[in-house]
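Subject: Structure for you to look at

Hello,

Here is the structure I said I would pass on. Please open it first, then read the notes below.

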Amino acid sequence: MGMLLARSGPGGVTLEEVRPAKDNPTVSPAVTLTLLWRAELLALVEEAGAVRGLRSASKARLVARLLEVLPGDTLRSRVREAVCARSEWRADVNV
């Protein structure tokens, strides 16, 4: 869904799409990785076989290592998978 405009009227609120959705061509893999928790970053580094010496590293160091070993498209896909796999991380939402 793209950009929506909410209009209040006598029948209630209506939503009108004012701009269709499209992919962001300038997505930064480093910024995308900041969506992950440290444990998720560590799991990705382990899966990439690049965890040696990094088990106690900071999030920033894990992000830097992932940027070195995985291409941007792979990182974007893996971040999406990790975020979607989260369960019960918001108490107010039943997914």
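Helices (H or I, at least four residues) and strands (E, at least two) are DSSP runs, numbered from the N terminus, and two strands pair if DSSP finds at least two bridges between them. A hairpin of 2 residues joins β1 to β2. Strand β1 (residues 3-9) pairs with strand β2 (residues 12-19) in the antiparallel sense, over 7 bridges. Ala6, for example, has Leu15 in β2 as its bridge partner.

This is a predicted model, in which local features need pLDDT of at least 70, side-chain atom pairs count only at pLDDT 80 or more, and totals for chains, interfaces and linings use all residues. Residues are numbered from 1 along each chain as its sequence is written, and side-chain values use heavy atoms, with hydrogens and water left out.

The protein chain has 4 helices and 2 strands, in the order β-β-α-α-α-α along the sequence.

Which residues of α4 are buried (under 20% relative accessible area, 1.4 Å probe, protein chains only; exposed is over 50%, partly exposed in between)? They are Leu75, Val79 and Ala82. These residues cover an arc of only 70 degrees around the axis (from the directions of the helix axis to the C-beta atoms), so they lie on the same side of α4. On the other side of α4, Asp73, Cys84 and Ala85 are exposed. The buried residues of α4 pack against α1 (29-33), α2 (38-47) and α3 (59-69), where contact means heavy atoms within 4.5 Å.

Over the whole protein chain, buried residues make up 21% of the 95 residues.

Regards
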